[in-house]
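Biologist: I would like a close look at one part of this entry, with its surroundings described afterwards. Please keep to what can be computed from the atoms.

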Amino acid sequence: MKVMKKIFGWFLIFILFACSETKQPKITVYAWTGGPGKATDTELKTKFDDWKQKGIDGLMYNGGHDPETYRRVGKVAKAAGLEFHAWIPTMVQGNNPKLDSAWYAVNGLGESAYDKPAYVDHYKFLCPDREEVYHFLDDLYGSVADVPEIDGIHLDFIRFPDVILARGLWDKYGLVQDREFPQFDYCYCDKCVGDFKAKTGIDIKSVEDPSQVEVWKQFRYDLITNIVNRLADMVHSKNKVITAAVFPGPSLAEKMVRQEWNKWNLDAFYPMNYNDFYLEGTEWIGEMCKEGVTSIDNRAPLYSGLFICPDPAKKSSEPDPENHGLMPEELEAAIKESMSNGAAGICLFTPERMTDEDWAIFEKAIYGLVEKP
Ligand SMILES: [Zn+2]
C-alpha cells in the first residue's frame with residue numbers, strides 16, 4: 001500500500017510537471033471574430049480548441065443582438081478555456097423596430113445618417129444626445145450582460161462618423177480631408193444644437209467654421225464619454241467587465257471620430273492600431289501604444305489591435321488599404337513594438353486571416369517576447 005502511495009505521489013508530481021511544461025509564460029492574446037452562421041457546436045468547438053491551443057486567450061465575439069446566441073456560443077468558448085466577450089457595435093445601428101428614424105445623427109448639411117449615411121450604406125449612426133438612444137443601448141447591452149456565459153461587453157463604433165478618414169482611405173473614397181467638411185460632420189440635429197446653445201450660448205448653426213469652436217468639439221466628446229460611462233456603471237452592476245475597440249491615440253481618435261477615450265471608465269482598451277490604414281509601418285504601432293498607455297496612466301490594460309493581411313500574396317497588387325494589413329514578416333515586429341511600448345497584450349483582427357506562416361511566427365513571438373522575471 002505504501003509503495004502504491006509512493007508511486008501515485010510520483011505520478012502526481014510527473015503530471016504537475018508535464019502541465020507546467022505546457023503552460024510557459026506568454027503574451028496575452030485576444031481575437032476579434034464572429035458568427036456563428038450555420039456552424040454546429042461541434043464545429044465551433046473544433047475551431048475554438050484550435051485557437052486556444054495556438055495561444056489565444058479570449059474572444060471578442062460579434063454574434064448580433066440576441067442573448068441566446070451568446071449563451072450558446074459562450075458555452076462552447078468557455079469549455080475551450082477561452083474568455084468570452086460580446087462584441088456589439090454601439091452607435092451604428094441598422095433598421096430596427098425599436099429605433100425611430102428621428103434618433104439618427106444629422107450632418108452639417110442637415111442630412112440624416114438614417115437615409116443618407118456618409119461613405120458607405122451601413123454608416124447609420126445614432127445621435128448620442130438622445131435619452132431614447134441611451135435606453136435602447138442600455139437594454140441591448142444589459143440583456144447580453146445578463147448571460148452567465150459572457151465575461152464582458154465589448155463596445156465598437158462607439159463614436160461619431162469619421163469627420164476625417166484615415167489617410168490611407170482618402171484615395172479609396174476620392175477625398176482630400178485636410179479639414180472638416182460639413183457632410184461628414186455630426187451631429188446637428190435639433191437636440192444637439194439646442195443643448196449646445198443652452199450650455200454655451202453659441203448657435204453652432206450660425207458659425208461659419210464649426211471646426212474652430214473648441215467647446216463644440218468637447219461637447220461631442222462628452223456625449224460619447226457619457227454613454228460609455230453610464231453603460232460601464234450598468235455592466236459593472238452585473239459584475240461583468242466592459243471594454244471597447246477604439247481608434248488609435250487618443251489624439252487621432254479625437255480628431256477623426258471624437259473619441260476622448262482616456263476619459264472612459266473601461267476595464268480594458270483595444271486601440272485598432274491598423275498601421276496600413278494610416279500608411280504607416282510597425283514602429284507607428286509602438287508609438288500608438290505608448291501614447292495610449294500614457295494617456296490612461298496604466299489604470300487599465302491596453303491590448304494592441306493588429307490588422308492581419310488576409311491575402312499576403314496579393315497585397316502588392318491590391319489597391320484597397322482595407323485589404324492590406326500586416327504581412328507575416330511584419331507580425332513579430334508589430335507584436336514586439338506593442339509589448340515594448342506598454343501594451344498588456346495584443347488583439348488579432350482576425351484569427352481567420354492568419355496564414356500557417358503567420359501562426360508559426362506568432363507562436364515564436366508570444367512565447368519568446370515575455371520578459372523573464
Ligand atoms: Zn444629435
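Which residue follows α6, and is its phi positive or negative? After that, please go through the coordination of the zinc ion and the chain around the donor residues.

Modeller: This is a predicted model, in which local features need pLDDT of at least 70 and side-chain atom pairs count only at pLDDT 80 or more, while totals for chains, interfaces and linings use all residues. Residues are numbered from 1 along each chain as its sequence is written, and side-chain values use heavy atoms, with hydrogens and water left out.

The residue after α6 is Asn239, and its phi is positive, near 60°. Helices here are DSSP runs of H or I with at least four residues, strands are runs of E with at least two, and both are numbered from the N terminus. α6 covers residues 214–237; its 24 residues should span 34 Å at 1.5 Å a residue, and the 34 Å between its end C-alpha atoms agrees with that. The expected span is 1.5 Å times one less than the number of residues.

Now the metal site. Four sulfur atoms coordinate the zinc ion at 2.3 to 2.4 Å: the SG atoms of Cys127, Cys187, Cys189 and Cys192. A donor is an N, O or S atom within 2.8 Å of the metal (3.2 Å for Na, K and Ca), and sites may look incomplete because water is not among the atoms. The 4 donor atoms subtend angles of 101 to 117° around the zinc ion, so the arrangement is tetrahedral. Four donors count as tetrahedral if all angles lie between 85 and 135 degrees; four are square planar and six octahedral if opposite donors are over 155 degrees apart and all others between 65 and 115, and anything else is irregular.

Along the sequence, the donor residues follow the spacing C-x59-C-x1-C-x2-C. Cys127 is buried, at 0% relative accessible area, and Cys189 is buried as well, at 5%. Cys187 is also buried. The classes are buried under 20% relative accessible area, exposed over 50% and partly exposed in between, with a 1.4 Å probe and protein chains only. The disulfide count is 0, where a disulfide is a pair of cysteine sulfur atoms within 2.5 Å.

Cys187 sits in the loop between β4 (152–156) and α5 (190–200). The peptide bond joining Tyr186 to Cys187 is cis, with omega about 0°. In general, most peptide bonds are trans, and most residues other than glycine have a negative phi. The loop between β4 and α5 also holds Phe157, a non-glycine residue whose phi is positive, near 50°. Phe157 is partly exposed, since its relative accessibility is 23%.

Gly110 approaches this site from another loop. Its C-alpha is 7.6 Å from that of Cys189, although 79 residues separate Gly110 and Cys189 in sequence. Gly110 belongs to the loop between β3 (83–89) and α4 (131–145), and at 56% relative accessibility Gly110 is exposed.

Further along the chain there are other backbone features of this kind. A second cis peptide bond runs from Phe349 to Thr350, with omega near 0°; Thr350 is in the loop between β8 (345–349) and α10 (356–368). Asp297, in the loop between α8 (282–295) and β7 (303–307), has a positive phi of about 55°. Asp297 is exposed, at 64% relative accessibility.

As for the sheet, 8 strands form an open, parallel arrangement in the order β6-β5-β4-β3-β2-β1-β8-β7. β6 (268–271) and β7 stand at the edges with a single partner strand each, so one side of each has no neighbour in the sheet. From one strand to the next the twist averages 25°; axes are lines fitted to C-alpha atoms, for helices over the stretch in contact, and angles run from 0 to 180 degrees between N-to-C directions.

Strands count as paired if DSSP finds at least two bridges between them. β1 (residues 28–34) pairs with β2 (residues 58–62) in the parallel sense over 5 bridges, with Tyr30 opposite Gly58 of β2. β2 in turn pairs with β3, again parallel, over 4 bridges, and Met60 has His85 as its bridge partner in β3. In β2, 4 of 5 residues are buried. β3 has 5 of its 7 residues buried, so β3 is largely enclosed by the rest of the structure.
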